[in-house]
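I set out to look up the overall build of this protein, then its cysteines, then one arginine. My entries are kept in that order.

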Amino acid sequence: MITLRGRTVAFLTAPAGVEQVELTASWQAVLEAGGTPRLLSTRPGRVQAFRGLDRADTFAVDTVVAEAEPAGYDGLVLPGGVANPDRLRTAPEAVDFVREFVGLGRPVAVICHGGWTLVEAGVVRGRTMTSWPSIRTDLENAGATWVDEPVHVCTDGPNTLVSSRKPADLPQFCDTFVSRFARPGA
């Protein structure tokens with residue numbers, strides 16, 4: 001059985017716009033593997049999740065990203081939603097956190113539009129990944145190779161990068177990133 005016991009996984013979202021199922025399914029996968037998920041955002045309080053363009057539930061923020069130390073987390077999940085990563089990429093503290101996290105060699109899992117934050121952090125050049133099709137050009141312009149697969153694992157870089165396209169891919173995405181986050185030195 002794969003375990004994340006003793007590992008803390010950061011989930012980084014904007015204060016509004018995260019696709020709820022991409023947050024909750026990934027969060028649940030971490031919990032089921034015995035890990036400790038923590039919600040980071042650019043503001044304290046609660047984040048507003050969405051189902052497509054409709055408001056959904058809110059979730060309590062554990063730590064404001066400007067106060068978070070990347071070295072304190074064993075893995076990072078970047079859920080999508082159109083507005084979520086678009087807002088994150090304009091928040092210097094979020095972009096700096098992601099850049100430093102990747103630089104530490106820690107594993108990152110990203111789904112759907114979440115790759116926009118990686119583009120802004122300048123950490124996709126030379127990497128192979130997948131995403132929601134509409135951000136393909138952005139990823140390629142930033143130096144990534146884009147593939148149309150339910151989940152892709154890239155180890156050509158300073159860290160392991162697990163990427164996925166959309167909510168329908170969540171079962172494979174969750175299984176893959178939990179497996180990769182559980183590996184020593186992942």
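The entries below record what I looked up in this model, which is predicted.

**Entry 1: overall build**

I began with the secondary structure and noted six helices and 12 strands. I then asked how the radius of gyration compares with the globule rule for 186 residues. The radius of gyration is 14 Å and the rule gives 16 Å; the two are close, so I recorded the protein as being as compact as a globular protein of that length. Along the principal axes, the C-alpha atoms fill a box of roughly 35 × 35 × 30 Å.

I next looked up burial and found that 55% of the 186 residues count as buried. For contacts, I took those with a separation of 6 or more; residues 24 or more positions apart account for 65% of them.

**Entry 2: surface and charge**

I noted an accessible surface of about 8,000 Å² for the protein. Carbon and sulfur atoms hold 48% of that surface. I also looked up the charges: there are 18 positive and 21 negative ones, and their mean positions lie 2 Å apart.

**Entry 3: cysteines**

How many disulfides does a search of the whole structure find? I recorded zero. I then checked individual cysteines. C154 is in no disulfide, and its nearest cysteine sulfur, in C112, is 19 Å away. I asked whether C154 is buried or exposed. Its relative accessibility is 2%, so I entered C154 as buried, the cut-off being under 20%.

For C174, the closest cysteine sulfur is again that of C112, at 13 Å. I noted that this is too far for a bond, because a disulfide needs the two sulfur atoms within 2.5 Å. C174 has a relative accessible area of 8% and therefore counts as buried.

**Entry 4: R51**

Where does R51 sit in the secondary structure? I placed R51 in strand β4, which covers residues 46–51. Its relative accessible area is 49%, so I entered R51 as partly exposed; exposed would require over 50%.

I then listed what R51 touches, leaving out residues up to four places away in sequence. The list holds E19, Q20, A56 and D57. Finally, I looked up the separation of R51 from R136, which is 85 residues away along the chain. The C-alpha atoms of R51 and R136 are 22 Å apart.

Notes
Residues are numbered from 1 along each chain as its sequence is written. This is a predicted model: local features need pLDDT of at least 70, side-chain atom pairs count only at pLDDT 80 or more; totals for chains, interfaces and linings use all residues. Side-chain values use heavy atoms; hydrogens and water are left out. Helices (H or I, at least four residues) and strands (E, at least two) are DSSP runs, numbered from the N terminus. The radius of gyration is taken over C-alpha atoms; the globule rule is 2.2 Å times the number of residues to the power 0.38. Buried means under 20% relative accessible area, exposed over 50%, partly exposed in between (1.4 Å probe, protein chains only). Contact means heavy atoms within 4.5 Å. Accessible areas come from the Shrake-Rupley method with a 1.4 Å probe; for residues, only the protein chains shown count as cover. Lys and Arg count as positive and Asp and Glu as negative; His and the chain ends are not counted. The place of a charge is taken as NZ of Lys, CZ of Arg, CG of Asp or CD of Glu.
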